[in-house]
Amino acid sequence: MTAAFRSVIAGTGGYLPERSLSNAELAAWKGIETSDAWIIERTGIRRRHIAAEGETASSMGAAAALAALAEAGASPAEVDAVIVATATPDSAFPSTAARIQGRIGATRGFAFDVAAACTGFVYALSIADAMMRAGQARGVLVIGTEIYSRILDWTDRGTCVLFGDGAGAVFLRAVPTAEAGGRGLLSTHLHADGSHADILVVDGGAGSTGGTGVVRMSGREVFKHAVTKLAAVVDEALAANGLGHGDVAWLVPHQANLRIIEAMGKKLHLPLDRVVVTVDRHANTSAASIPLALAEARRDGRIRSGDLVLMEAIGGGLTWGAALARF
Ligand code: UT7
C-alpha cells in the first residue's frame with residue numbers, strides 16, 4: 001500500500017565550531033606522535049573543528065536545526081518532533097533532543113535521542129520517515145550532533161587524530177504522496193551486528209563505570225567490515241527501489257576515511273566529483289557527518305531539486321545502514 005505522505009527534505013543546516021586545526025596544529029597542541037603525511041595517506045583528513053569550552057551537543061545541534069528551518073522557510077511552531085542522533089549527549093537525561101527543542105523555542109510535539117554511533121543519522125532518518133508515513137508527525141527535525149573531542153584518548157594516536165566536532169540537521173516535511181512528484185525519502189535500510197560490539201566502543205558509561213569513557217577502535221577490523229557491509233547495503237537500497245548505479249546523482253557517505261569513500265564511489269561507478277566529501281576538512285564527525293555534507297552540498301548548489309541522493313554509514317554496534325532520498 002502506498003503511504004499517504006512522503007517525507008520530503010525541505011531544509012538542511014550545519015554548524016561547525018569556529019576553531020579549525022590542521023593535523024600539524026593538533027599534533028603540536030596535544031603532543032601526539034604522528035605526521036601530517038601519515039594522517040592524509042591513511043585517512044584523507046587534513047583538518048577538523050574543535051568545540052570551544054561551553055559549546056555542547058545541544059548548542060551545536062540547535063544552531064544546525066535553526067539553519068535547516070531557515071532553508072525550509074519553516075518556523076519552530078511547525079516542528080512536531082525532534083530526533084537527535086548523538087553519542088555525546090549533554091547529559092544522560094534530559095535527552096539532547098529535548099534540550100534542542102527548548103533552545104529553538106519549539107513548544108509542541110515530542111523529542112528523543114537515538115544511539116547508533118556513526119550510523120545514528122541514518123537510523124534517526126528511518127524512524128522519522130516511518131512516523132511521518134504513519135501520520136504521527138508532519139514536521140520533523142532530524143539532527144546529528146557530536147562533540148567527540150570530549151571522549152577521545154589524546155594519548156591514543158590511532159583514534160584521536162580521526163574525529164572532529166560539529167552538527168548537521170534536516171527538516172522533513174510530510175507532503176501528500178500525490179503532490180510530492182517523486183520527492184522525499186524512498187527507503188531506508190538498517191542493520192546491526194552486536195557480536196562485533198567491542199571493535200568500536202566507548203569504554204565507559206553511566207551504567208557501567210559511572211564515567212564517560214573514551215573511544216577505542218580496532219581500526220583495521222572496522223575498515224574491513226566497512227568496505228563489505230557498505231557495499232552490500234547500497235546494493236540493497238538500490239534493488240529495493242528497482243534503481244541502478246546510473247540513477248544516483250550524489251553519494252553522500254558517512255565521512256570516516258577517504259579510502260572507504262573512494263571504494264564506495266568506485267563500486268557505484270560514480271566519479272569522485274559526484275561524491276560529497278568533507279572528511280578532509282571536518283574529519284569524522286560521527287552522526288553529524290552526513291547531514292553536514294548534505295547542508296554543504298545544498299548551500300553550494302551541487303545537490304539540486306530532483307537529484308537522487310544515496311546516503312550510507314557504518315559505526316559502533318556494529319550498526320550500518322543506507323537511505324535513498326530525492327530532493
Ligand atoms: O566512523 C566509524 C567507522 N570507522 C571507520 O570506518 C574507521 C576504519 N578504519 C580506518 O579508517 C583505518 O583502519 C585507520 C585510519 C584507523 C588506521 O589505518 P590503517 O591503515 O588500518 O593503520 P593501522 O591501524 O593498521 O596502523 C598502521 C601503523 C601502525 O604501526 P605499526 O604497528 O605498523 O608499526 C600504527 O601504530 O600506523 C601506526 N599509526 C600511526 N602512525 C602515525 C596508527 N596511528 C598513527 C598515527 N600516526 N596517528
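Buried means under 20% relative accessible area, exposed means over 50%, and partly exposed lies in between. The exercises below apply these cut-offs to a predicted model.

**Exercise 1. Backbone of the loop between α10 and α11**

Task: Decide whether S286 is buried or exposed, and state what sign its phi has.

Solution.
- Step 1. S286 has 1% relative accessibility, so it counts as buried.
- Step 2. The residue sits in the loop between α10 and α11.
- Step 3. Phi of S286 is near 50°, which is positive although the residue is not glycine.
- Step 4. Most residues other than glycine have a negative phi.
- Step 5. A283 is found in the loop between α10 (279-282) and α11 (289-299). Its phi is near 60°, again a positive value in a residue other than glycine.
- Step 6. With a relative accessible area of 0%, A283 is buried.

**Exercise 2. Cis peptide bonds**

Task: For the cis peptide bond that joins F93 and P94, and for the one that joins G317 and L318, state what omega is.

Solution.
- Step 1. Between F93 and P94, omega is about -5°.
- Step 2. P94 belongs to the loop between β4 (81-85) and α4 (96-104).
- Step 3. Between G317 and L318, omega is about -20°.
- Step 4. L318 has its place in the loop between β12 (308-315) and β13 (319-326).
- Step 5. As background, most peptide bonds are trans.

**Exercise 3. A salt bridge between a helix and a strand**

Task: State how many salt bridges a search of the whole structure finds, and work out which parts the pair R47 and E25 ties together.

Solution.
- Step 1. The search finds 14 salt bridges.
- Step 2. One of them joins R47 to E25, with the closest N and O atoms 3.8 Å apart. The cut-off for such a pair is 4 Å.
- Step 3. R47 lies in strand β3 (residues 47-50) and E25 in helix α1 (residues 23-30), so the bridge ties together parts that are 22 residues apart in sequence.
- Step 4. R47 has 30% relative accessibility and counts as partly exposed. E25, with a relative accessible area of 39%, is also partly exposed.
- Step 5. In general terms, side chains of opposite charge can pair when their charged atoms come close.

**Exercise 4. A network of salt bridges**

Task: Name which residues are linked in a network of salt bridges, and give the N to O values for the pair D280 and R281 and for the pair R302 and D300.

Solution.
- Step 1. The network links D280, R281, E296, D300 and R302.
- Step 2. D280 and R281 meet through their side chains at 3.5 Å, N to O.
- Step 3. D280 has a relative accessible area of 24% and is partly exposed. R281, at 31%, is partly exposed.
- Step 4. The side chains of R302 and D300 form a salt bridge at 2.9 Å, N to O.
- Step 5. R302 counts as partly exposed at 25% relative accessibility, and D300 counts as partly exposed at 42%.

**Exercise 5. A positive surface patch**

Task: Identify which residues form a positive surface patch, and locate R42 in the secondary structure.

Solution.
- Step 1. The patch is formed by R42, R220, K224 and R259.
- Step 2. Helix α2 (residues 36-43) contains R42.
- Step 3. The relative accessible area of R42 is 35%, so the residue is partly exposed. A patch residue needs over 30% and no salt bridge.

**Exercise 6. The largest nonpolar core**

Task: State how many residues the largest nonpolar core has, and which element gives the most to this core.

Solution.
- Step 1. The core has 44 residues. Those with the most contacts inside it are I32, V161, V215, L230, L251, L268 and L310.
- Step 2. Two or more residues come from each of α1, α8 (219-240), α9 (258-267), β12 and β13.
- Step 3. α8 gives the most, with eight residues.
- Step 4. Nonpolar side chains tend to be buried together in soluble globular proteins.

**Exercise 7. Separation in sequence and in space**

Task: Compare the sequence and C-alpha separations of P253 and L230, then of A130 and T188.

Solution.
- Step 1. P253 and L230 are 23 residues apart in sequence, and their C-alpha atoms are 9.5 Å apart.
- Step 2. P253 lies in strand β11 (residues 250-253) and is buried, with a relative accessible area of 0%.
- Step 3. A130 and T188 are 58 residues apart in sequence, and 9.4 Å apart from C-alpha to C-alpha.
- Step 4. A130 belongs to helix α5 (residues 120-133) and counts as partly exposed at 47% relative accessibility.

Definitions and conventions:
Residues are numbered from 1 along each chain as its sequence is written. This is a predicted model: local features need pLDDT of at least 70, side-chain atom pairs count only at pLDDT 80 or more; totals for chains, interfaces and linings use all residues. Side-chain values use heavy atoms; hydrogens and water are left out. Patches are made of residues with over 30% relative accessible area and no salt bridge: like charges are joined within 9 Å, nonpolar side chains (Val, Leu, Ile, Met, Phe, Trp, Tyr) within 5 Å. Accessible areas come from the Shrake-Rupley method with a 1.4 Å probe; for residues, only the protein chains shown count as cover. Lys and Arg count as positive and Asp and Glu as negative; His and the chain ends are not counted. The place of a charge is taken as NZ of Lys, CZ of Arg, CG of Asp or CD of Glu. Helices (H or I, at least four residues) and strands (E, at least two) are DSSP runs, numbered from the N terminus. Buried means under 20% relative accessible area, exposed over 50%, partly exposed in between (1.4 Å probe, protein chains only). A nonpolar core is a set of buried Ala, Val, Leu, Ile, Met, Phe, Trp, Tyr and Cys residues joined through side-chain atoms within 4.5 Å.
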